[in-house]
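Trainee: I have a model to read and would like to go through it feature by feature. Where should I begin?

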Amino acid sequence: MALQFHHIERESCVRVFTGLPSPEIFEKICSWIEVKAKHMQYWKGEKTTLAPVAYTHQLNSEARYGPSRSLTLEQEFLLVLMRLRMGLLVEDLAFRFKITCSQVSCIFTTWIKLLSRELGILIVWPSKTQVKKTMPCCFRKMYPNCRVIIDCTEVYTETPTALDIAAALWSDYKQHHTFKFLVAITPRGAVSWVSPVYGGRASDVHIVRDSGFLNNIQRYDLVMADRGFKIREDLLAVGSNLAIPPSSAASMQMHCKDVKETSQIANVRIHVERAITRIKIFRILKQEIPLCIVPLADDIVCVCAALSS
């Protein structure tokens, strides 16, 4: 019998298998997405798919492209969440849902593009007023103008055979092939912005400058980051400022003032590390990403970030 949601509808099982907090949340998201999912055009590759997007915008039409469904929409949604949350192999999902491996790949590609478009609205860049209204006390006292905390994180990929791709994905820091992306959170800890993915070769500074993050920053904003983000001049150009831990030479002891400042920044920067941990509760981002789904990395990161926010 193919796996269905009612087989795992206990709250503890829903958290383990889907990453969502409760059966009610699963059902609400599923019923909301079903409106668009009923009209999806299933992905069959660039040469055979009729449109470059995952679903048709003509929602009033009853037409649907592709073969008749082997699974219900609820089962397809569950399949996608299980792959994200547990990092399951295509063969494992094919066995659990009694379908072929090619059907699993088709369903995952189609749904991840749809979910990225629909759930991306959950990642919101709040106004200054909203940030100040919800700012924790530890920020109000030390960093009242803090608008956002940023950090980059990396995800391992399989080793490419093409030398140019391998060079772009190689990370000296991880000593592995990776892709990386920038995460920005509010002082309250909510994910407020996620960049597109870059090869592991890209520096943190390059990602900040190239991703469009700086377009969100306004005059007098304070951006908090780690030492590697040498972007003070970029922020000064838009009238904002940067808070990073003071640097020191390896052979010299830090001054008491610098030690205190480093400790203060570390105590509040931990929130961005916790946000990244929440995103990576979806284990697909904690193991080697197969090269066949690396082109979907932007969509995968967006969906995981939205579901964790």
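Mentor: We take confidence, then salt bridges, then a helix and the surface.

Trainee: What is the mean pLDDT of the chain?

Mentor: This is a predicted model, and the chain has a mean pLDDT of 88, with 86% of its residues at 70 or more. Among the elements, strand 5 (residues 198-199) has the highest mean, 98, and helix 11 (residues 256-279) the lowest, 76.

Trainee: Over which residues does pLDDT stay under 50?

Mentor: Where pLDDT is low, the predicted coordinates should not be read in detail. Here that applies to residues 49-63, where pLDDT stays under 50. The model has 28 contacts beyond four places in sequence for this stretch.

Trainee: How many salt bridges are there?

Mentor: Side chains of opposite charge can pair when their charged atoms come close. With a cut-off of 4 Å between nitrogen and carboxyl oxygen, the count is seven. One of them joins Arg 147 to Asp 221, with the closest N and O atoms 2.8 Å apart. Arg 147 lies in strand 1 (residues 146-156) and Asp 221 in the loop between helix 9 (204-210) and strand 6 (222-224), so the pair links distant parts of the chain, 74 residues apart.

Trainee: Are Arg 147 and Asp 221 buried or exposed?

Mentor: Buried means under 20% relative accessible area. Arg 147 has 6% and is therefore buried, and Asp 221 is buried because its value is 2%.

Trainee: Which residues does helix 9 pair with?

Mentor: Asp 204 meets Lys 180 in a salt bridge of 3.0 Å, N to O. Asp 204 is in helix 9 and Lys 180 in strand 3 (residues 176-185), so this pair ties together parts 24 residues apart in sequence. Arg 209 forms a salt bridge with Asp 234, the closest N and O atoms being 3.1 Å apart. That pair links helix 9 to helix 10 (residues 232-236), across 25 residues. Separately, salt bridges with shared partners join Lys 128, Arg 147 and Asp 221 into one network.

Trainee: How many residues of helix 12 are buried?

Mentor: Eleven of its twelve residues are buried, among them Asp 299, Cys 302 and Leu 307. As a check on geometry, twelve residues at 1.5 Å a residue should span 16 Å, and the end C-alpha atoms of helix 12 (residues 297-308) are 16 Å apart, which agrees.

Trainee: Which residues form a nonpolar patch on the surface?

Mentor: Trp 32, Ile 121 and Leu 122 form it, with about 310 Å² of accessible area together. Trp 32 is in helix 2 (residues 23-37) and counts as partly exposed because its relative accessibility is 40%.

Note on methods. Residues numbered from 1 in each chain as written. Predicted model: local features only at pLDDT ≥ 70, side-chain atom pairs only at ≥ 80, totals over all residues. Heavy atoms only, no water. Patch = residues over 30% accessible without salt bridge, like charges linked within 9 Å, V, L, I, M, F, W, Y side chains within 5 Å. Areas by Shrake-Rupley, 256 points an atom, 1.4 Å probe, with all protein chains shown as cover. Salt bridge = Lys/Arg side-chain N within 4 Å of Asp/Glu carboxyl O. Helix = DSSP H or I, 4+ residues; strand = E, 2+ residues; numbered from the N terminus. Buried < 20%, exposed > 50% of the residue type's maximum accessible area, 1.4 Å probe, protein only. Expected span 1.5 Å × (residues − 1). pLDDT = per-residue confidence, 0-100. Contact = heavy atoms within 4.5 Å.
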